[in-house]
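Please open the model in your viewer and keep the selection panel at hand. The tour below proceeds from one selection to the next.

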Amino acid sequence: MPLDSTDFEFVSSLVLKRSAIVLEPEKKYLVESRLLPLAQREGLSSIAELVAQMRANSLNGLHQKVVEAMTTNETSFFRDLNPFEALRKVVLPDMFQRRAAERRLHIWCGASSTGQEPYSIALLLREHFARFADWKIGIVATDLSTDVLARARLGCYSQLEVNRGLPAPLLVKYFQRQGTEWRLKEEVRRQVEFRQLNLIDGAWGISAADIVFIRNVLIYFDVSTKKAILQRIRQVMRPDGYLFLGGAETTLNLDDSFERNCFERCTCYRLRKS
Amino acid sequence: MYLRLDHDLLVRSAYQLPPLPQSAARLAQLLTTEDLDLREIISVIEFDPSLTMKLLRVANSAISGSRHRIGTVREALIRLGTGTVVGFVVASSVRSLLGKRIPGYNISEKEFWRHSLAAAFAAEAIQAHSPNWSGHLAFTAALLHDIGKLVVGKFLTPELLEWLERATTEGKLAAFQAEAEILSLHHGEAGGVIAQHWGFPDSLVKGIVYHHDPENGEDGICYVTYLANLVAHRLESDPREEVSESQPTVHTNVAPALEWLGLDEESLRTIRADVQKGLQSMSSQLD
């Protein structure tokens, strides 16, 4: 059954509010193609029924699933490239200088999905900052889903996944072929510690992070939750640390303690000096 | 209703395609160096007598207007260009993999092959006219640019085809954008996996993967395959893929590619004429 206009408006306004993604009326087919399988997985017979469920209940898990289905949060090695360029050219050199006395660095990836992001950081460190190999550098990668964490720990990727963003020389140097897949060498895998973490619930177990990557996850939450998460990020970051958000995300109007820093084509955030 | 494309299954399906003869990958590898080692190239081809025979037959049909027949691999390389000869070698291996129709895309083997050859001739002409790009793999990369369709097509269920159709008609997306949106991957990416399975060098793989979005490829060969594909479509008068610098359509703004390659509309017309000539000479090979 085709999607009713009022239901489409309900979904598009939810997606706009949560992810800043605009769904024009001609994207009705896209909403149908993404939500029909979701409705079926939820045991509902149609998208109309799915929307009715969302209308009947205040924000619950279903809203998040709908936003997730509509935003195709794909992950890839060196995703968007610019944050990694900023990391290589500006942020890491600055941090290595600032932490020269303690010789330790703590990096947190707050929505690590299947691991491409934290492993990209580990590879970047190996390639460009090998002279700091004797420092204590911890990369903690967290995600809500136990399934994706298990995949991330395994460090096994299909040819398609490694083709997305991973430069060929790095594939040859740091991966081993396993059947039809590529597995990251153990030396890289053990650089990253994967843990389960729910951003909106419970203790985080993160402290004194120098660099925080928490990209393309705030988009899933409403304003008050975004504010609460940013406030907690502020508490677990060192005062001179750096925060990287997704391209469609900002701290603007959510948390004035952060200020924008632009490096070439990348924006990151730092705490204002009080 | 199964609406998602299983990427792992698709990669496995790409790996199940029969391997090409080792000579194909070896020859492509030899083309990645700037100073070509002709003797090595000749010895790789001549090592396989049936390949040599096939090559000479194709080479002679390509120069059908000439009174001088091509009798040796060396002559073929000199008269047709090394990149083109290696392209023909690869073509002779790949063509046997095609069935009568490419499933999912509903194109016949002949249509698929004609478009691939047109793109290959266009790439060769682009390379000849471009002051900014030189490389020997353009012909082969353009020849194989759509090879991913062979695998993606197998997974296009009627439901997925319906969504793809709606993405192009209602969403006004180009076909490859519709694939990216609905399947979370497009045939360029799938083609890249096949090319890797066959042991082809990285730049050839990139030329295939990014033939629709060359700006992401960071390699000049991507602009060559992109433009070659558009020229080939223009020849087939596919209105959705119109090539014009002055009137960019929703899907194609060819200006960045022309600028990158140092070409203009006038050179595009010459390239188009070159392709038509090439296709005519090969018409006997198309049936």
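**First stop: helix H11 of chain A**

Select Lys226(A), Ile229(A), Leu230(A) and Ile233(A): these residues of H11(A) are buried, where buried denotes 20 or more other C-beta atoms within 10 Å of the residue's own, exposed 12 or fewer, and partly exposed anything in between, with C-beta atoms placed from the backbone. Because they cover an arc of only 100° around the axis, they lie on the same side of H11(A); the arc is that of the directions from the helix axis to the C-beta atoms. The model is a predicted one, in which local features need pLDDT of at least 70 and side-chain atom pairs count only at pLDDT 80 or more, whereas totals for chains, interfaces and linings use all residues. Residues are numbered from 1 along each chain as its sequence is written, and chains are lettered from A and ligands numbered from 1 in the order in which they are written.

Now turn to the other side of H11(A), where Ser224(A), Gln231(A) and Gln235(A) are exposed. Then add strand E7 (209-213) and strand E8 (237-244) of chain A, against which the buried residues of H11(A) pack.

**Second stop: chain A as a whole**

Display chain A alone to find eleven helices and ten strands; helices (H or I, at least four residues) and strands (E, at least two) are DSSP runs, numbered from the N terminus. Of its 274 residues, 40% count as buried.

Next, colour domain 1 (5-71) and domain 2 (82-271) of chain A separately; these bounds come from an automatic or database domain assignment. The centres of the two domains, taken over C-alpha atoms, are separated by 30 Å. Along the principal axes, the C-alpha atoms of chain A fill a box of roughly 60 × 55 × 35 Å.

**Third stop: the largest nonpolar core**

Which residues touch the most other members of the largest nonpolar core? Select Ala122(B), Ala123(B), Ala142(B) and Leu227(B), which do so within a core of 162 residues. Such a core is a set of buried Ala, Val, Leu, Ile, Met, Phe, Trp, Tyr and Cys residues joined through C-beta atoms within 7 Å. Helix H14 (residues 220-235) of chain B supplies the largest share of this core, ten residues. Domain 1 (5-71) and domain 2 (82-271) of chain A both give residues to this core, so it lies between them.

Finally, centre the view on Leu227(B). Not counting residues up to four places away in sequence, Leu227(B) touches Ile126(B), Val254(B), Ala257(B) and Leu261(B); contact requires C-beta atoms, placed from the backbone, within 7 Å.

How values were computed
Two residues are in contact if their C-beta atoms, placed from the backbone, lie within 7 Å.
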